[in-house]
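Here is a walk through a structure you have not met before. Keep the picture open as you read, and turn it whenever a residue is named.

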Amino acid sequence: MMTFFVAALLLSIGLYCVAVKRDLIKIAIGIIIMEYAITLFFVASAPWRGGEDYLAQVAALTGLATTIVIVALVRRLYGRYGTLDISQMRRLKG
Amino acid sequence: MVVNILLVIAVLAALAAVESRKIFNSVVAFGIMGLLLCVTFLLLGSFDLALIQLAIEVALLLSLLKFTQATGEKEIQKGWALLNYLAAVILVVVFTWFSFDLFRNLPGAGANVQRFLALNLFNLLGVAGVVFGAVVGAAAVLRPKGKDKEAGG
């Protein structure tokens with residue numbers, strides 16, 4: 001039960017980070033923390049699904065793919081705007 | 001019990017990653033959280049997932065640290081070097097100890113590799129496909145010449 005609580009806590013921390021912080025790296029970290037929380041939830045709930053953790057593996061793989069693309073996007077945005085502060089990125093259109 | 005302690009430390013590391021003022025400290029705390037979750041997955045019995053998590057975490061940590069260094073942030077404060085080294089050594093020792101203990105207790109490790117490969121071939125193919133797609137996506141995002149230059153920004 002502690003694992004479920006920690007998963008919910010990590011999801012809340014990640015959501016807070018994405019909603020409040022203005023630094024691109026911190027926002028990326030918040031998204032990845034949420035991915036980890038969901039993976040942890042699937043791992044913790046595996047005994048209730050017959051002991052298989054395929055869902056957790058799928059969640060981790062999806063997290064891997066999104067993490068790679070998110071880090072690439074952060075690097076691209078920093079290279080284009082020269083800052084990590086999202087409030088100064090005012091030319092994001094379309 | 002050990003899982004609970006690791007999870008509490010992981011939550012504290014996540015809080016430190018979110019609330020730290022310096023990006024470097026934030027990235028390091030995030031790495032600690034990811035590695036602790038990796039050990040937690042091992043303790044909970046998800047060995048494949050722990051390996052995936054370890055690969056993600058190491059690659060992500062190295063990438064973010066290099067990127068943080070490229071942004072020019074002065075990360076090391078004077079006077080904290082000994083504590084930093086001590087923390088790093090403690091983390092490495094704890095992580096190695098847990099990993100060695102768990103891998104030693106794996107049932108039949110190394111004996112059924114061919115059977116494992118035969119049973120999980122499509123699984124491995126799917127994993128390779130996902131990783132390949134993600135890398136192609138990242139390469140498309142990071143390509144040096146984009147269409148935005150032709151469109152005038």
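Start with helix 2 of chain B, and try a quick check of its length. At 1.5 Å a residue, its 22 residues should span 32 Å, and the C-alpha atoms at its two ends sit 31 Å apart, so the expected and computed spans agree. Keep in mind that you are looking at a predicted model. Helix 2 of chain B is also mostly covered, with 16 of its 22 residues buried. Just past this helix, B:Gly45 takes a positive phi of about 100°.

What does all that covering belong to? Have a look at the largest nonpolar core, which has 54 residues. The residues with the most contacts inside this core are A:Leu10, A:Ile25, B:Phe30 and B:Met33. Two or more core residues come from each of these elements: helix 1 (2–20), helix 2 (24–44) and helix 3 (54–81) of chain A, along with helix 1, helix 2 (23–44) and helix 3 (47–70) of chain B. Our starting point, helix 2 of chain B, gives the largest share, eleven residues.

Now zoom in on A:Ile25. Which residues does A:Ile25 touch, if you skip those up to four places away in sequence? From chain A there are A:Val74 and A:Leu84, and from chain B there are B:Ile23, B:Val27, B:Leu64, B:Phe67 and B:Thr68.

Charged side chains have a small part to play too. Over all chains, the structure holds one salt bridge. The partners are A:Lys21 and B:Glu19, whose side chains meet at 3.5 Å, N to O. A:Lys21 lies in the loop between helix 1 and helix 2 of chain A, while B:Glu19 belongs to helix 1 of chain B, so this pair joins two chains. Is each partner buried or exposed? A:Lys21 has a relative accessible area of 17%, under the 20% cut-off, so A:Lys21 is buried. B:Glu19, at 43% relative accessibility, counts as partly exposed.

What about cysteines? A disulfide is a covalent bond between the sulfur atoms of two cysteines. Here you will find zero disulfides over all chains. A couple of cysteines are still worth finding: A:Cys17 is buried at 1% relative accessibility, and B:Cys38 is buried at 3%.

Next, step back to chain A as a whole. Chain A has three helices and zero strands, so to read its elements from the N terminus on, you just go α-α-α. Of its 94 residues, 50% count as buried. Take the contacts in chain A with a separation of 6 or more: 51% of them are between residues 24 or more positions apart.

For a closer look at one spot in this chain, find A:Leu55 in helix 3 of chain A. A:Leu55 is partly exposed, at 41% relative accessibility. Leaving aside neighbours within four places in sequence, A:Leu55 is in contact with A:Phe42 and A:Arg49. A:Leu55 and A:Phe42 are 13 residues apart along the chain, yet their C-alpha atoms are separated by 6.4 Å.

Finally, how confident is the predictor about chain B? The mean pLDDT of chain B is 79, and 79% of its residues reach 70 or more. Among the elements of chain B, helix 1 (residues 2–19) has the highest mean pLDDT, 90, and helix 7 (residues 147–150) has the lowest, 56.

Technical notes: Residues numbered from 1 in each chain as written. Chains lettered and ligands numbered in written order. Predicted model: local features only at pLDDT ≥ 70, side-chain atom pairs only at ≥ 80, totals over all residues. Heavy atoms only, no water. pLDDT = per-residue confidence, 0-100. Helix = DSSP H or I, 4+ residues; strand = E, 2+ residues; numbered from the N terminus. Core = buried A, V, L, I, M, F, W, Y, C linked by side-chain atoms within 4.5 Å. Buried < 20%, exposed > 50% of the residue type's maximum accessible area, 1.4 Å probe, protein only. Contact = heavy atoms within 4.5 Å. Expected span 1.5 Å × (residues − 1). Salt bridge = Lys/Arg side-chain N within 4 Å of Asp/Glu carboxyl O. Disulfide = S-S within 2.5 Å.
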